[in-house]
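Biologist: I'd like to learn how to read a model like this one. Could you take me through it a feature at a time?

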Amino acid sequence: MVKRVLVSAGPIPAKLDSVKVLMNKFKGGLATHTARLLAAHSDLCVHVVAWMGTKVKGFSSNRVHYVSDIREYLEFVKEFEADAYVLAAAVANIMPVNPWEGKFPSHEYREGEEFDIRFKIAPRIIDRVLGWHPKTVLVGYKLFDGSPEDLVAAGRTVMAESRAKIVFCNTPMDAAVEKIVVTPEGGAFPVGFDEHAELLYRVIRSSWFSTKTESMSIKEEDIPRGILGLLRKVMDTNRHGTFATMVNSRIDNSQLMLTTKRVKPVGSLYDSLCGVKSVDVKSRLISHVVKPTTRPFILASDKATMNTPTLWEILLWRQQSGIVIHGHQDIGCQQIPYVPPGTIEEVDAVTRAMRATNEVYVQGHGFYKWFFTMEGATSFVDSLGGA
């Protein structure tokens with residue numbers, strides 16, 4: 001299936017009056033080059049949106065859309081339907097509160113005469129995209145002139161506020177050479193320019209899972225001994241850490257995968273657990289996340305961890321036995337390239353690697369490690385906490 005992609009490029013200014021604009025100095029050459037690299041893939045239909053003063057080469061006229069300022073840009077992105085939005089434009093972040101109607105009457109002022117213009121922070125369009133287009137793939141870019149640590153921090157702020165699938169960060173000096181990739185899992189790693197375009201393509205083409213839920217109960221005696229202690233250790237060692245193991249359901253004599261929730265609440269450890277009845281990789285569906293509502297059952301509202309499909313497939317490969325630990329530390333094991341979590345691509349890449357080993361590290365994401373016994377898993381998590 002061909003996916004429709006919108007790439008924003010160049011400066012997007014704010015109007016001061018009918019002829020003057022407020023904008024930055026960037027011309028959009030790298031963003032349009034990125035758009036051309038994406039368009040070289042036959043399974044993408046790439047459109048470019050840019051300011052009317054930007055030169056966009058290499059695209060037919062019906063694939064290039066020009067806007068006059070940030071207001072028109074906002075309306076265009078809101079109305080344009082795409083499978084992915086790659087927001088690489090340098091959008092003005094301040095705008096006048098009241099732009100002049102027509103041209104500013106400079107002839108009414110003497111040379112050197114001062115006057116005030118009230119400004120406000122412009123709309124952060126990247127933060128609105130998922131509100132307009134909830135099912136899309138959102139990719140952000142962050143330009144920041146500072147240290148690598150400051151650059152990563154700025155990228156993580158964009159990630160948190162926009163909920164993008166990935167954010168590419170760079171300084172003005174390095175934009176054409178290197179970018180730092182910031183992932184939703186908190187990872188950050190450098191890539192070259194062409195490498196970033198290829199990673200961008202893979203993210204756009206990734207296939208994410210959805211979740212179907214129903215109410216179901218797991219009794220406390222169904223939970224393997226030590227699992228709550230292991231959960232506490234995993235959460236104390238890495239607040240984003242997860243684990244998974246199979247348990248027997250006495251409701252219908254089936255097996256469920258017990259794992260952690262996507263968002264871990266404050267409260268009882270029981271509130272952090274989820275049960276998953278099945279994962280259908282072909283249809284990309286996580287089915288029957290357990291949602292019991294009364295004690296002494298596990299209270300597991302909301303969705304299971306995003307890593308659920310990969311955790312499920314690892315346990316299936318291991319004959320539904322043992323425990324899988326996931327964390328974001330680099331534990332020095334075999335490494336594979338970054339793939340977005342919660343996608344078929346991650347399931348394929350991780351399970352393929354783990355057919356020959358018990359552990360693998362996904363660049364910019366974290367490790368998956370399988371254990372045969374609870375004791376082995378607990379001992380490993382203890383060693384992480386002491387590192």
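Biologist: How much area does the chain expose, and what share do carbon and sulfur atoms supply?

Modeller: Some ground rules first: this is a predicted model, where local features need pLDDT of at least 70, side-chain atom pairs count only at pLDDT 80 or more, and totals for chains, interfaces and linings use all residues. Residues are numbered from 1 along each chain as its sequence is written, and side-chain values use heavy atoms, with hydrogens and water left out. Accessible areas come from the Shrake-Rupley method with a 1.4 Å probe, and for residues only the protein chains shown count as cover. Here the chain exposes about 18,900 Å², and carbon and sulfur atoms supply 50% of that.

Biologist: How many helices and strands does the chain have?

Modeller: Both are DSSP runs numbered from the N terminus: helices are H or I with at least four residues, strands are E with at least two. This chain has nine helices and 23 strands.

Biologist: How do I read a pair of packed helices?

Modeller: Two packed helices are described by the angle between their axes and the distance between the axes. The axes are lines fitted to C-alpha atoms, for helices over the stretch in contact, with angles from 0 to 180 degrees between N-to-C directions. Take H1 (residues 29-39) and H5 (residues 193-205): their axes come within 10 Å and cross at roughly 55°. That angle makes H1 oblique to H5, since under 35 degrees counts as roughly parallel, over 145 as roughly antiparallel, 65 to 115 as roughly perpendicular and the rest as oblique.

Biologist: Which residues of H1 and H5 make the contact?

Modeller: Contact means heavy atoms within 4.5 Å. H1 brings Leu30, His33, Thr34, Leu37 and Leu38, while the H5 side includes Phe193, Asp194, Leu200 and Ile204.

Biologist: Is helix H8 mostly covered or mostly uncovered?

Modeller: Buried means under 20% relative accessible area, exposed over 50%, and partly exposed in between, with a 1.4 Å probe and protein chains only. H8 (residues 344-353) is mostly covered, with seven of its 10 residues buried. Among them are Ile344, Glu346 and Val350. The buried residues pack against helix H7 (308-317) and strands S21 (335-336), S22 (359-362) and S23 (366-371).

Biologist: And a single loop residue: where does Asp83 lie?

Modeller: Asp83 lies in the loop between helix H2 (70-79) and strand S7 (84-87). At 33% relative accessibility, Asp83 counts as partly exposed. Leaving aside neighbours within four places in sequence, Asp83 is in contact with Val2, Lys3, Arg4, Thr136 and Val137.
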